[in-house]
Amino acid sequence: MEGKKQVRTRIVPFRLLPDEYSKLETSWKKTTIRRLSEYLRRLIFNKPVTAYVRNQSLDEFMAEMVLLRKELNAIGVNFNQAVHRLHTLDHLPQMQAWLNVFERDKDVFFDKVDEIKKRINLISDQWLQ
């Protein structure tokens, strides 16, 4: 037979200043607990409280990776257009000009790939320490 469910019947009201309540609410919102009453019970009875944690270095890394992804995508589009254009050219001077553009884009692409590798190595070194 299952035990009876206990119902909380006692209310303990107390008052807070607006800035005190703001601090309390800010602390509560950083946790995984949905109700303020449950949060307060856990604090009062010294029970564990699980808080959300943000890793600032990972956030910065992700922001950089998003920018690099956009740059690489733009370079890839330019590269694809250059290759397509090379297939349609039949004159040597036009081909030489496009080859120069291709070489420049290729150098930019490899520089960005090297930048990504260095940044990933830096972040992985920080995480493995």
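**Figure 1. Leu16 and the residues it touches.** Leu16 touches Tyr21 and Leu24, leaving aside residues up to four places away in sequence (a contact means heavy atoms within 4.5 Å). What you see is a predicted model, so local features need pLDDT of at least 70 and side-chain atom pairs count only at pLDDT 80 or more, while totals for chains, interfaces and linings use all residues. Residues are numbered from 1 along each chain as its sequence is written, and side-chain values use heavy atoms, with hydrogens and water left out. Leu16 sits in the segment before α1, which spans 18–29; helices here are DSSP runs of H or I with at least four residues, strands are runs of E with at least two, and both are numbered from the N terminus. Is Leu16 buried, partly exposed or exposed? With a relative accessible area of 37%, Leu16 is partly exposed. The cut-offs are under 20% for buried and over 50% for exposed, with partly exposed in between, using a 1.4 Å probe and protein chains only. Phe45 is 29 residues from Leu16 in sequence, and their C-alpha atoms are 20 Å apart in space.

**Figure 2. A nonpolar patch that includes Leu16.** Phe14, Leu16 and Tyr21 make a nonpolar surface patch of about 290 Å². Patch members have over 30% relative accessible area and no salt bridge; nonpolar side chains (Val, Leu, Ile, Met, Phe, Trp, Tyr) are joined within 5 Å, and like charges within 9 Å. The areas come from the Shrake-Rupley method with a 1.4 Å probe, and for residues only the protein chains shown count as cover.

**Figure 3. Helix α2, its buried face and what comes after.** α2 runs over residues 36–44, and Leu36, Tyr39 and Arg41 are buried in it. What do the buried residues of α2 pack against? They pack against α1. Just past the helix comes Asn46, which has a positive phi, near 55°.

**Figure 4. Salt bridges around Glu38.** Glu38 pairs with Arg41 in a salt bridge, with the closest N and O atoms 3.3 Å apart (the rule is a side-chain nitrogen of Lys or Arg within 4 Å of a carboxyl oxygen of Asp or Glu). Glu38 also makes a salt bridge with Arg42, this time with the closest N and O atoms 3.1 Å apart. That links Glu38, Arg41 and Arg42 in a network of salt bridges. Within α2, Glu38 and Arg41 are three residues apart, about one turn of the helix, and Glu38 and Arg42 are four residues apart, again about one turn. Why does that spacing matter for direction? An α-helix has 3.6 residues a turn, so residues three or four places apart point the same way. Arg42 counts as partly exposed, at 26% relative accessibility. In total, the structure holds five salt bridges.

**Figure 5. The largest nonpolar core.** Six residues make up this core: Phe61, Met65, Leu68, Leu72, Ile116 and Ile123. To count as a nonpolar core, buried Ala, Val, Leu, Ile, Met, Phe, Trp, Tyr and Cys residues must be joined through side-chain atoms within 4.5 Å. Which elements give two or more residues to this core? They are α3 (56–88) and α4 (92–128), and α3 brings the largest share, four residues. Setting aside residues up to four places away in sequence, Met65 touches Ile116 and Arg119. Another core, of five residues, lies apart from this one, and its members include Leu24, Ile33, Leu36 and Tyr39.

**Figure 6. Asp105, a buried acid in α4.** Asp105 is found in helix α4. At 10% relative accessibility, Asp105 counts as buried. Asp105 forms a salt bridge with Arg104, where the closest N and O atoms are 3.7 Å apart. Not counting residues up to four places away in sequence, Asp105 touches Ile75 and Asn78.

**Figure 7. Zooming back out to the whole chain.** The protein has four helices and zero strands. Its C-alpha atoms fill a box of roughly 90 × 40 × 35 Å along the principal axes. The radius of gyration is 29 Å, where a compact globule of 129 residues would be near 14 Å; the value is taken over C-alpha atoms, and the globule rule is 2.2 Å times the number of residues to the power 0.38. Of the 129 residues, 16% count as buried. About 11,600 Å² is exposed, with carbon and sulfur atoms supplying 57% of it.
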